[in-house]
Amino acid sequence: MTIELRDVVREYHIGGQRVRALDRINLQLNGGRFVSVVGPSGAGKSTLLHLLGALDSPDSGSVIFDGTEIGRLSDEQASAFRRHRVGFVFQFFNLLPTLSAWENVAVPKLLDGSRLDRVRDDAINLLGRVGLGNRIEHRPAELSGGQLQRVAIARALMMDPSLILADEPTGNLDSATGASILRLLAEVAHEGGRSRLVVMVTHDRDAAQATDRVISLQDGRVGSDHGDRLRNDERAAVRR
């Protein structure tokens, strides 16, 4: 899968002033990669993430997702797009406290009209995939921060989306736990045959170094782009 941003501009009106959050952004993002977006507060990171997930629309320019212009979708079309093509991971997890881990993972399918009993096995399998097969009945209050984020990642994968958007996923975790979440996100991106793209917004430049590509934003523009760095298996293939 491929996402292209072509001359994307997004402006907001704040306190009677016009603020340009994104200023003619041009990017191409490819599946099978773990990409980080870094930069100071106000650089445009969250705005970029919202546009990629069809949570917002550009004022001008195009956001093209596998050939479809998602910046011009109707509200109903955008909702369907987000539900089926995008998984979201947040800094503060956004899990429902009264539901068990597997029930939280099942929520996207429930919102899509499936019955809870018919999606239980899929939810449990995903919890096993993220290393929580022994925590399926635990509620959020019974889980650690790292475990909560793993549940959130499993939930993001429930609809088997081609795009995962992670907003500061390690920002509420200690360094060791954060590193384990970064490894999991990398596995999600690099999973064979999926061509899934993971885009992470982070203030943590050390966290960004765990990704295949680091895009730096400054004042709504791309300041630097370290490119699509080769994964370890690809480096080995090149050496051979």
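**Entry 1. Arg115 and its partner**

I began with Arg115, which is partly exposed at a relative accessible area of 47%. I looked for an acidic partner and found Asp117, whose side chain meets that of Arg115 in a salt bridge, 2.7 Å from N to O. I note here that the model I am reading is a predicted one.

**Entry 2. Other salt bridges**

I searched the whole structure for such pairs, and the search gave 16 salt bridges. I went through several of them.

I looked up Arg6 and found it bridged to Glu4, with the closest N and O atoms 3.3 Å apart. For Arg6 I recorded a relative accessible area of 40%, which is partly exposed. Glu4 is also partly exposed, and its relative accessible area is 24%.

I turned next to Arg10 and Asp56, whose side chains form a salt bridge with an N to O distance of 3.0 Å. Which parts of the chain does this pair tie together? I placed Arg10 in strand 1 (residues 2–14) and Asp56 in the loop between helix 1 (45–52) and strand 4 (60–65), so the bridge joins parts that lie 46 residues apart in sequence. I then checked accessibility for both residues. Arg10 counts as buried, at 13% relative accessibility. Asp56 is buried as well, with a relative accessible area of 18%. Both values fall in the buried class because the cut-off is under 20% relative accessible area.

I also noted a network of salt bridges that links Glu11, Arg18, Arg20, Asp23 and Arg221.

**Entry 3. The open sheet**

I traced a sheet of 6 strands and wrote down its order as 6-7-8-3-9-10; the sheet is open and its pairing is mixed. Which strands form the edges? I found strand 6 (86–90) and strand 10 (221–225) there, each pairing on one side only. From one strand to the next, I recorded an average twist of 20°.

Within this sheet I examined strand 7 (residues 163–167) and strand 8 (residues 197–201), which pair in the parallel sense over 5 bridges. I looked up Ala166 and found that its bridge partner in strand 8 is Met200.

I then asked which helices lie across these strands. Helix 1 lies across strand 3 (34–38), strand 7, strand 8 and strand 9 (213–218), and I noted an angle of about 155° between helix 1 and strand 7. Helix 5 (residues 145–156) lies across strand 6 and strand 7, and runs at about 165° to strand 6.

**Entry 4. Thr202 and Glu168**

I moved to Thr202, in the loop between strand 8 and helix 7 (205–208). Is Thr202 buried or exposed? I recorded a relative accessible area of 1%, so Thr202 is buried. A polar atom of the Thr202 side chain lies 2.9 Å from the backbone nitrogen of Asp204. Setting aside neighbours within four places in sequence, I listed the contacts of Thr202; among them are Ser36, Val37, Val38, Gly39, Lys45 and Glu168. The list of contacts also includes Ala207 and Ala208.

I followed one of these contacts, Glu168, to the loop between strand 7 and helix 6 (175–190). Glu168 is not a glycine, yet its phi is positive, at about 50°. I found Glu168 buried, with a relative accessible area of 11%.

**Entry 5. Arg24**

I noted a positive phi at Arg24 too, about 55°, although this residue is not a glycine. Arg24 belongs to strand 2 (residues 17–30). At 53% relative accessibility I counted Arg24 as exposed.

**Entry 6. Helix 3**

Last, I looked at helix 3 (residues 101–111). How many of its 11 residues are buried? I counted 8, so helix 3 is largely enclosed by the rest of the structure. The buried residues of helix 3 are Ala101, Trp102, Glu103, Asn104, Val105, Ala106, Val107 and Pro108. I checked what these buried residues pack against and found helix 4 (116–129) and helix 5. Helix 5 had already come up in Entry 3, where it lies across strand 6 and strand 7. After helix 3 comes Gly113, for which I recorded a positive phi near 105°.

Methods: Residues are numbered from 1 along each chain as its sequence is written. This is a predicted model: local features need pLDDT of at least 70, side-chain atom pairs count only at pLDDT 80 or more; totals for chains, interfaces and linings use all residues. Side-chain values use heavy atoms; hydrogens and water are left out. A salt bridge is a side-chain nitrogen of Lys or Arg within 4 Å of a carboxyl oxygen of Asp or Glu. Buried means under 20% relative accessible area, exposed over 50%, partly exposed in between (1.4 Å probe, protein chains only). Helices (H or I, at least four residues) and strands (E, at least two) are DSSP runs, numbered from the N terminus. Two strands pair if DSSP finds at least two bridges between them. Axes are lines fitted to C-alpha atoms, for helices over the stretch in contact, and angles run from 0 to 180 degrees between N-to-C directions. Contact means heavy atoms within 4.5 Å. A polar contact is a pair of N or O atoms within 3.5 Å; within protein, one must be able to donate a hydrogen and the other to accept it, and residues adjacent in sequence count only if both atoms are side-chain atoms.
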